[in-house]
Amino acid sequence: MAFANLNLGQKVSVKYFIGAMVLFIAQMVFGLLAGIQFIQPEFLYQILDFNVTRMVHINAMIIWLLFGFLGSVYWLVEDESGTSLVGYKLANIGFWVLSIAVTIVVLVYLFVQVGSGTQASLWLINEGREYIEAPRWADIGIVLVMLAFFYNIAATFMKGKWSGISGVLVLDLLALAGIYLAGMFYSPNISMDQFWWWWVVHLWVEATWEVLVACIMAWGLMKTINARREIVTTWLYVEVALMFGSGILGLGHHYFWIGTPEYWLTIGGFFSALEPVPLVAMLVHAVYDTGTKNLKVSNHPAFAWFIAHVFGNFLGAGVWGFFQTLPQINLYTHGTQWSASHGHLAFFGAYVTINVAMFYMAIQKIRGGQIFGSALVNKYRWKTSLALLNIGAMGMTIALLVAGYQQAFIERAVEGSTWSGFFEAQTNLTFIASMNWRLLFGVLMTIGTFVLAWDLLTIGKTNDSKNTT
Ligand code: HEM
Ligand code: HEM
Ligand SMILES: [Fe+2]
């Protein structure tokens, strides 16, 4: 059996990673469809509408990143706790429940595209909350699976040993699952609805997910470059304190214009401006760790993706987030392609990258723990996908930024946010050209994703057996 050398947690993890990769490809394909529809609005009109392609694109992203995170935690839990997973069966059941729920939800999205919003549609079809649009029945399923997951991880650490990393990790998972509940309240008042919805969207990506990837990164640095535990743990504490310190009240940058009291302008402006600080700390941390030792990397592709994560997180979240976070600027950029530019680079840079790094950590062990170094056969494959995905993401970000600039300038600044101003911006030649560039870079990224899948299926298979750790 190919997976004989994996521990129980890692066996579960492989399932999650495969699920993640399948959904990653789906995300890219639906992104491309949405990108084409931006340029050719009649493309697939009334067959697969833009609102549906876009919804599947971003929901597939959230779900595959979650699959990847669950997989990553299952991957490291036995190593970090020094004992075996308490609930192997439970973990498998969780995986299948989640996968079947996701499949049904997506099929329903595709088959029921139009109709009125009622209590029944809320329960059965779509909750209508961007990024977390799953209907209520699936929501409840997700919460149950997350609670079972939480129990499994916490109980395993309790049976084995605790560490700084696992302590932070377990508390963070509790917060992550708890916040999801805020996205399940229903209010017919759109401001109140948005108020709670942002608790999930913002507090996930700018607080709990950041802490989760900081834990994964701490563990990953110990494994790939032998970083010292005391150093990564100390940094982890510093980053977590800064992250929660700025990220929680940074929530205010989504409360500027949705009908909340005006004090949010000050709170949101101030604390979200501080949010890049922990990201700088993470960058310094990783560079420091790699620079202070004579670097011997046992897994080149994983390490390259860890580095991509550190820079991507810093640029996408820190710099691109900061661009538009002061209320004086956000007044003009709010909800334009400027936001989409930041959204793409932040999600890609912070979360896609670290998941891919973990895929490579996993496949290394599956292929017998050989060194993924310069002796690797066909190493052009991982390098090609690394280049295509990163160049594609950066190119798309710049294209969207140019489009966002046009939009903010023409629609908001010159035309004063009028209806005709909106169309003036949408038909601006530079705006349209940028949308074409976005599609081109999207094609590069999609090819990069397929090359990644191909590489993961083949990497290390043809190496000679002497090359092992
Ligand atoms: C990895 C972390 C992050 C991710 C994944 C992320 C992702 C996103 C996404 C997808 C949106 C668009 C939401 C929508 O559909 O309306 C958004 C909006 C926003 N983000 Fe981030 N973000 C991150 C970190 C940050 C940071 C650190 C800052 C500030 C320094 C920031 C500032 C903003 C602001 C101000 C908006 C609102 C844009 C608007 O008004 O349209 N983000 N973010
Ligand atoms: C891993 C790579 C990708 C990530 C992380 C990602 C992430 C996102 C996010 C967060 C949004 C919502 C943005 C917002 O509301 O502000 C979005 C929307 C979108 N994405 Fe992607 N995406 C990726 C790849 C692609 C690709 C390859 C394409 C193909 C062209 C694409 C095309 C689109 C389009 C057309 C939208 C709708 C934008 C709008 O409503 O204005 N994305 N994506
Ligand atoms: Fe935010």
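**Exercise 1. Determine whether Tyr180 is buried or exposed in this predicted model, and place Tyr180 in its surroundings.**

Solution. Step one is the neighbour count: 20 other C-beta atoms lie within 10 Å of that of Tyr180. The cut-off for a buried residue is 20 or more, so Tyr180 is classed as buried. Step two is the location, which is helix α6. Step three lists the contacts beyond four places in sequence, namely Val143, Met146 and Val200. As a further reference distance, the C-alpha atoms of Tyr180 and Phe348 are 21 Å apart, with their positions 168 residues apart along the chain.

**Exercise 2. Describe the span of helix α6 and state how its buried residues are arranged around the axis.**

Solution. Begin with the span. Helix α6 comprises 17 residues, 164–180, and its first and last C-alpha atoms are 25 Å apart, close to the 24 Å expected at 1.5 Å a residue. Next, identify the buried residues of α6: Ile165, Ser166, Val168, Leu169, Asp172, Leu173, Leu176 and Tyr180. Because they cover an arc of only 155 degrees around the axis, they are on the same side of α6. The general rule behind such patterns is that an α-helix has 3.6 residues a turn, so residues three or four places apart point the same way. Finally, find the packing partners: the buried residues of α6 pack against α2, α5 (136–159), α7 (190–225) and α8 (229–250).

**Exercise 3. Establish which residues and elements surround ligand 1, and do likewise for ligand 2.**

Solution. For ligand 1, the shell holds 23 residues, the closest being Ala317, Gly321, Ser339, Gly343 and Ala346. The elements giving two or more residues to this shell are α7, α11 and α13 (337–366). Helix α13 gives the most, with six residues. Sorted by class, the shell around ligand 1 contains seven nonpolar, 13 polar and three charged residues.

For ligand 2, the shell holds 22 residues, and the closest are Gly31, Gly35, Gly343, Phe347 and Gly442. Two or more residues each come from α1, α2, α13 and α16 (429–458). The largest share of the shell around ligand 2 is that of α13, with seven residues. Sorted by class, the shell around ligand 2 contains 12 nonpolar, eight polar and two charged residues.

**Exercise 4. Find the sign of phi for Leu44 and for Gln46, and classify the exposure of each residue.**

Solution. Leu44 belongs to the loop between α1 (8–39) and α2 (50–81), and Gln46 belongs to the loop between α1 and α2. Phi of Leu44 is near 60 degrees, a positive value in a residue other than glycine. For Gln46, phi is near 70 degrees, again positive in a residue other than glycine. Turning to exposure, Leu44 has 15 C-beta neighbours inside 10 Å and therefore counts as partly exposed. Gln46 has 8 other C-beta atoms within 10 Å and is therefore exposed.

**Exercise 5. Explain why Thr325 counts as buried, and name its contacts.**

Solution. First, locate the residue: Thr325 lies in the loop between α11 (300–323) and α12 (327–333). Second, count its neighbours: Thr325 counts as buried because 23 C-beta neighbours fall inside 10 Å. Third, list its contacts, leaving out residues up to four places away in sequence: His253, Ser272, Ala273 and Asn330. Last, consider Gly269, which is 56 residues from Thr325 along the chain; the C-alpha atoms of the two are separated by 6.5 Å.

Technical notes
Residues numbered from 1 in each chain as written. Chains lettered and ligands numbered in written order. Predicted model: local features only at pLDDT ≥ 70, side-chain atom pairs only at ≥ 80, totals over all residues. Helix = DSSP H or I, 4+ residues; strand = E, 2+ residues; numbered from the N terminus. Buried ≥ 20, exposed ≤ 12 C-beta atoms within 10 Å, placed from the backbone. Contact = placed C-beta atoms within 7 Å. Expected span 1.5 Å × (residues − 1). Arc of directions from axis to C-beta. Near = placed C-beta within 6 Å. Nonpolar A, V, L, I, M, F, W, Y, C, P; charged D, E, K, R; others polar.
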